[in-house]
Amino acid sequence: MLSFLRGAYGRALTPLARFLLRIGLSPTAVTFAGTLGVVLAALWFLPRGEWIAGFVVVGVFLLADGLDGTMARAGGRQTRFGAFIDSTMDRIADGAVFAALAVWAAGRDVATLWCALAALVLGFVVSYARARAEAEGWDASVGIFERADRLVVAGVAAVAVDLGAPLWVLTLALGVVAAGSAVTVAQRVAAAWAAAAASAPRRHPGTTRRRTRGSDSLSGPIAE
């Protein structure tokens with residue numbers, strides 16, 4: 001939902017990105033620094049219920065999520081390996097945030113715990129579905145709930161609870177994150193299905209088919 005802000009966000013970060021390049025920092029270094037900061041802040045503050053401080057610090061380090069890409073574009077350093085590292089570090093950072101919320105909820109509120117775990121798992125599946133589709137050559141970059149949406153919804157709700165809102169606000173927000181992620185997974189599966197159907201060769205009576213899973217093969221006439 002927040003993907004429409006990426007262009008403006010990238011332009012706003014361009015001066016800082018160019019400055020960091022001038023002083024010798026690389027996009028990969030910024031990626032690792034940002035991930036380390038998010039993980040440490042999430043695991044230190046969030047399980048203790050210090051959500052205002054935690055999400056403020058996490059938010060500052062999450063700037064690196066857009067900053068490293070802006071640096072790569074500004075410096076002509078875009079590589080496939082850099083994109084791989086960026087995506088991998090994103091998964092680590094996201095996992096730390098939602099796992100830390102689950103740790104806090106354990107023993108305090110079962111509903112919040114389950115919603116946090118569902119948000120954690122489904123968030124990973126959202127990313128995996130797109131990555132697996134792209135590995136097959138299909139475009140599955142669709143969905144109503146992406147990474148920024150998950151973190152913003154969870155973070156705003158946690159800060160609201162820390163300011164005095166009832167706990168159900170966070171529980172509901174994590175449920176929304178989980179549900180939105182599930183819908184996004186379904187959208188990406190549907191996109192992959194459509195792309196696979198469009199790219200599959202047409203079969204005719206009498207042709208043979210080979211299984212793609214396992215080592216066994218099937219051959220013989222196929223009924224249309």
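Arg150, in this predicted model, is in contact with Arg91, Asp94, Phe98, Gly123, Val126, Ser127, Phe145, Val177 and Ser181, once its neighbours within four places in sequence are left aside. The residue belongs to helix H6, and with a relative accessible area of 3% Arg150 falls under the 20% limit for a buried residue. Two of the contacts just named, Arg91 and Asp94, return when the charged pairs are followed, since salt bridges that share partners join Asp90, Arg91, Asp94, Arg147 and Arg150 into one network.

Within that network, the side chains of Asp94 and Arg91 meet in a salt bridge, with a distance of 3.6 Å from N to O. Both residues lie in helix H4, and because they are three residues apart there, about one helical turn separates them. Asp94 counts as buried, at 7% relative accessibility, and Arg91 also counts as buried, at 18% relative accessibility. Side chains of opposite charge can pair when their charged atoms come close.

A search of the whole structure finds eight salt bridges, and two further examples help to place such pairs along the chain. Arg130 forms a salt bridge with Glu134, in which the closest N and O atoms are 2.9 Å apart; both residues lie in helix H5, four residues apart, which is about one turn of the helix. Here Arg130 is partly exposed, with a relative accessible area of 30%, and Glu134 likewise counts as partly exposed, at 41% relative accessibility.

The other example is the salt bridge between Arg188 and Glu146, whose closest N and O atoms are 3.4 Å apart. Because Arg188 lies in helix H7 whereas Glu146 lies in the loop between H5 and H6, this pair ties together parts that are 42 residues apart in sequence. Both Arg188 and Glu146 are buried.

From the charged pairs we turn to the nonpolar interior. The largest nonpolar core has 33 residues, and those with the most contacts inside it are Leu46, Trp51, Val97, Phe98 and Leu174. Two or more residues of this core come from each of helix H2 (27–45), helix H3 (51–74), helix H4 (80–105), helix H5 (110–135), helix H6 (147–162) and helix H7 (168–199), and it is H4 that gives the most, with nine residues. Since domain 1 (9–93) and domain 2 (105–196) both give residues to the core, it lies between them.

Leu46 offers a way to look at this core from one of its members: not counting residues up to four places away in sequence, Leu46 touches Ala41, Trp51, Gly54, Phe55, Val97, Ala100, Leu101 and Trp104. Among these contacts are Trp51 and Val97, which are themselves listed with Leu46 as residues that have the most contacts inside the core. A second, separate core of eight residues includes Ala17, Leu21, Ala64 and Leu67.

Nonpolar side chains also appear on the outside of the model, where Ile52, Val56, Val60, Leu63 and Leu163 make a nonpolar surface patch of about 440 Å². Of these residues, Val56 lies in helix H3, and helix H3 is also one of the elements that give two or more residues to the largest core.

Definitions and conventions: Residues numbered from 1 in each chain as written. Predicted model: local features only at pLDDT ≥ 70, side-chain atom pairs only at ≥ 80, totals over all residues. Heavy atoms only, no water. Core = buried A, V, L, I, M, F, W, Y, C linked by side-chain atoms within 4.5 Å. Buried < 20%, exposed > 50% of the residue type's maximum accessible area, 1.4 Å probe, protein only. Domains from an automatic or database assignment. Contact = heavy atoms within 4.5 Å. Salt bridge = Lys/Arg side-chain N within 4 Å of Asp/Glu carboxyl O. Patch = residues over 30% accessible without salt bridge, like charges linked within 9 Å, V, L, I, M, F, W, Y side chains within 5 Å. Areas by Shrake-Rupley, 256 points an atom, 1.4 Å probe, with all protein chains shown as cover.
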